[in-house]
Number of protein chains: 2
Amino acid sequence: MRRFAAALVHHPVVDRQGVTVTTAITNLDLHDIARSSRTYGVTDFFVVHPIAAQRELAERVREHWMTGSGSRRIPDRTPALEILRVVVSLEQAIAELGGDVELWTTSARVRPSSLSHEKARAQLESEGRPVLLVFGTGWGLAEAVHERSHAHLVPIRSAVSDGYNHLSVRAAAAILFDRLRGER
Amino acid sequence: MRRFAAALVHHPVVDRQGVTVTTAITNLDLHDIARSSRTYGVTDFFVVHPIAAQRELAERVREHWMTGSGSRRIPDRTPALEILRVVVSLEQAIAELGGDVELWTTSARVRPSSLSHEKARAQLESEGRPVLLVFGTGWGLAEAVHERSHAHLVPIRSAVSDGYNHLSVRAAAAILFDRLRGER
């Protein structure tokens with residue numbers, strides 16, 4: 001069983017027009033994805049943001065649930081927030097995992113040579129380097145992130161005939177964790 | 001294929017101590033679960049709240065994405081919010097589905113004679129009455145809701161040895177929709 005970590009990237013991501021931008025942190029993403037991560041055995045949930053003030057915000061949210069009033073009101077959230085790690089870049093996340101990491105990217109679009117969820121699940125169950133599963137905010141990861149990744153996961157497909165597929169990153173992360181690590 | 005609707009209940013639900021309470025609406029739940037619902041072919045997403053001011057808030061959020069500035073900024077959300085229906089009670093949701101509805105409840109606890117996700121999936125694919133899948137906010141649906149339900153879905157189990165299992169209702173809904181209606 002390989003170490004399995006996740007990252008939520010706020011830069012570089014694209015906006016609706018495909019321009020590379022930096023998005024703001026959505027408060028709820030932090031504990032929502034941390035809770036899903038913790039439930040599915042994801043060892044580290046990296047929140048990636050290049051702006052110091054945004055990282056401080058994320059650290060404050062983390063502290064609120066770790067030692068602040070949130071930890072007294074809802075103690076169940078503490079073990080989840082424990083795995084949240086706020087970093088400046090994907091490089092820092094990779095370094096904190098030991099440097100030798102397999103990078104898997106996600107998006108809502110089919111890309112050449114995408115890795116099926118079934119194969120990804122089997123790869124996670126075998127031995128090997130840690131895997132870092134990367135999610136983009138905004139309209140998704142910038143091309144530069146996909147280019148350096150070792151694999152791109154097949155997108156979650158719509159179940160409706162009109163192909164509507166606009167899951168939140170919170171929902172997509174929960175579904176992917178379940179497909180890759182949930183009971184079968 | 002049966003009609004498949006979902007409801008997010010804010011009353012009657014329980015708090016940490018098991019006392020029946022009414023929770024406040026979390027803004028993000030509305031478009032997050034609406035987007036997951038729409039992607040997985042859920043026909044109606046009912047937001048159930050007994051307090052008029054809270055229903056008005058939900059209607060304002062809906063309008064923002066249907067015809068307000070949100071619909072111009074992120075038009076992809078409009079088809080999702082179209083299926084959101086704000087109601088005063090579960091009874092009203094049932095009535096709006098035609099009255100003859102099968103009620104399925106969810107919780108994080110195993111209950112006697114729970115319905116597996118595999119069987120639930122098969123039942124949804126067959127012919128029959130509409131199914132209304134009910135999610136609770138707070139610490140889950142009050143016992144009274146479970147007592148009147150036709151089936152209780154097996155809870156989503158933790159994938160970790162310590163059994164940590166504290167998914168947000170947004171994550172739980174996304175995972176269940178995927179298990180019941182996602183591609184196989």
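How many salt bridges does a search of the whole structure find over all chains? In this predicted model, the search returns 32 salt bridges over all chains, and the views below take up some of these pairs together with the interface, two helix packings and two cis peptide bonds.

**View 1. The interface between chain B and chain A.** The contact brings together 38 residues of chain B and 38 residues of chain A. The area buried between the two chains is about 3400 Å², with carbon and sulfur atoms giving 49% of this value. On the side of chain B, the residues that lose the most area to chain A are B:Thr39, B:Tyr164 and B:Glu183, which together account for 19% of what that side buries.

**View 2. Salt bridges and polar contacts between chain B and chain A.** Between these chains the count is 10 salt bridges. One of the salt bridges joins B:Asp162 to A:Arg38, whose closest N and O atoms are 2.5 Å apart. Across the interface, 23 residue pairs are found in polar contact, with both residues at pLDDT 80 or more. Four helices of chain B, namely H1 (27-39), H3 (69-73), H4 (78-81) and H8 (169-181), each supply at least two residues of the side that touches chain A. The largest share of that side, seven residues, comes from H8(B). By residue class, the side of chain B that touches chain A divides into 16 nonpolar, seven polar and 15 charged residues.

**View 3. The packing of H1(B) against H8(B).** The axes of H1(B) and H8(B) lie 9 Å apart and make an angle of about 5 degrees. Because angles under 35 degrees count as roughly parallel, H1(B) is roughly parallel to H8(B). From H1(B), the residues B:Asp29, B:Asp32, B:Ile33, B:Ser36 and B:Ser37 meet B:Val169, B:Arg170, B:Ala173, B:Ala174 and B:Phe177 of H8(B). The residues of this contact comprise five nonpolar, two polar and three charged.

**View 4. The packing of H6(B) against H8(B).** Helix H6 of chain B, residues 117-125, packs with H8(B) at an angle of about 60 degrees, and the axes are 8 Å apart. The two helices, H6(B) and H8(B), are therefore oblique to each other. On H6(B) the contact is made by B:His117, B:Ala120, B:Arg121 and B:Leu124, and on H8(B) by B:Leu176, B:Asp178, B:Arg179, B:Leu180 and B:Arg181. The residues of the contact of H6(B) with H8(B) divide into four nonpolar, one polar and four charged.

**View 5. A salt bridge between two loops of chain A.** A:Asp100 and A:Arg129 form a salt bridge in which the closest N and O atoms are 3.0 Å apart. The pair links distant parts of the chain, 29 residues apart, with A:Asp100 placed in the loop between helix H5 (90-96) and strand E6 (102-105) and A:Arg129 in the loop between helix H6 (117-125) and strand E8 (131-136).

**View 6. The cis peptide bonds at A:Pro12 and B:Pro12.** Most peptide bonds are trans. In chain A, however, the peptide bond from A:His11 to A:Pro12 is cis, with omega near 0 degrees, and A:Pro12 is found in the loop between strand E1 (4-9) and strand E2 (13-14) of that chain. In chain B, the peptide bond from B:His11 to B:Pro12 is cis, with omega near 0 degrees, and B:Pro12 is located in the loop between strand E1 (4-9) and strand E2 (13-14) of chain B.

Conventions. Residues are numbered from 1 along each chain as its sequence is written. Chains are lettered from A and ligands numbered from 1 in the order in which they are written. This is a predicted model: local features need pLDDT of at least 70, side-chain atom pairs count only at pLDDT 80 or more; totals for chains, interfaces and linings use all residues. Side-chain values use heavy atoms; hydrogens and water are left out. Contact means heavy atoms within 4.5 Å. Buried area is the accessible area (1.4 Å probe) that two parts lose on being put together, summed over both. A salt bridge is a side-chain nitrogen of Lys or Arg within 4 Å of a carboxyl oxygen of Asp or Glu. A polar contact is a pair of N or O atoms within 3.5 Å; within protein, one must be able to donate a hydrogen and the other to accept it, and residues adjacent in sequence count only if both atoms are side-chain atoms. Ala, Val, Leu, Ile, Met, Phe, Trp, Tyr, Cys and Pro count as nonpolar, Asp, Glu, Lys and Arg as charged, and the others, Gly among them, as polar. Axes are lines fitted to C-alpha atoms, for helices over the stretch in contact, and angles run from 0 to 180 degrees between N-to-C directions. Angles under 35 degrees count as roughly parallel, over 145 as roughly antiparallel, 65 to 115 as roughly perpendicular and the rest as oblique.
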